[in-house]
Amino acid sequence: MSELVRKAEEAAGQAYAPYSGYRVGAVVRMSDGREFAGVNVENAAYPLTQCAEKTAIGAAASAGYRPGDIVEVGISASPCGGCRQWLAEMQVGRVLFRNGGRVVEMTPDELLPEQFRAVELGS
């Protein structure tokens, strides 16, 4: 099993999931080797819930990292559609996740073909 997926599964134990009971963890590894963990954080107003990938990426961004700095991500479950967009926008190198008892490795382009890309103003 991938070391990052194992770390993500450990992090999932810290998730705040009182409504669904579905705990997810994610760990992002930066180009300099630093790692940030994140977990899903549910809210009674369910659309306000944060996914594990978003909390890990947010921690990295808060530390000054930007798109292209994340080499790989390990996730304890398959990423949702919204998180696939986040992974693509942050230009993650590879994504490792647990799906159906196996560990899958994909690129953001494989996870989200024909993804939305912001267009520069004036182009």
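**Entry 1: Tyr19.** I started with Tyr19 and found it in the loop between α1 (3-12) and β1. I'm working with a predicted model here. Is Tyr19 buried or exposed? Neither label fits: Tyr19 counts as partly exposed because its relative accessibility is 49%, and exposed would need over 50%.

**Entry 2: the patch.** I then looked at what Tyr19 does on the surface. Tyr19 joins Tyr16, Val41 and Tyr46 in a nonpolar patch. Together these residues have about 420 Å² of accessible area.

**Entry 3: Glu42.** Next I looked up Glu42, which sits in the loop between β2 (35-39) and α2 (52-62). Which side chain of opposite charge is nearest to Glu42? I got Arg23, but it is 8.8 Å away. Glu42 is buried and has no salt bridge. So what is around this side chain? I found that one of its polar atoms lies 2.9 Å from the backbone nitrogen of Tyr19. Leaving aside neighbours within four places in sequence, I also listed contacts of Glu42, among them Tyr16, Pro18, Tyr19, Gly21 and Thr49. Tyr16 and Tyr19 were already in my notes as patch members.

**Entry 4: α2.** I moved on to the helix that follows the Glu42 loop. Which residues of α2 are buried? I noted Ala52, Glu53, Thr55, Ala56, Ile57 and Ala60. An α-helix has 3.6 residues a turn, so residues three or four places apart point the same way. The buried residues of α2 pack against β1 (25-30), β2, β3 (70-75) and α3 (81-89). Last, I checked what comes after α2: Gly64 follows, with a positive phi near 100 degrees.

Technical notes:
Residues numbered from 1 in each chain as written. Predicted model: local features only at pLDDT ≥ 70, side-chain atom pairs only at ≥ 80, totals over all residues. Heavy atoms only, no water. Helix = DSSP H or I, 4+ residues; strand = E, 2+ residues; numbered from the N terminus. Buried < 20%, exposed > 50% of the residue type's maximum accessible area, 1.4 Å probe, protein only. Lys, Arg positive; Asp, Glu negative; His and termini not counted. Salt bridge = Lys/Arg side-chain N within 4 Å of Asp/Glu carboxyl O. Polar contact = N/O pair within 3.5 Å; in protein donor to acceptor, adjacent residues only side chain to side chain. Contact = heavy atoms within 4.5 Å. Patch = residues over 30% accessible without salt bridge, like charges linked within 9 Å, V, L, I, M, F, W, Y side chains within 5 Å. Areas by Shrake-Rupley, 256 points an atom, 1.4 Å probe, with all protein chains shown as cover.
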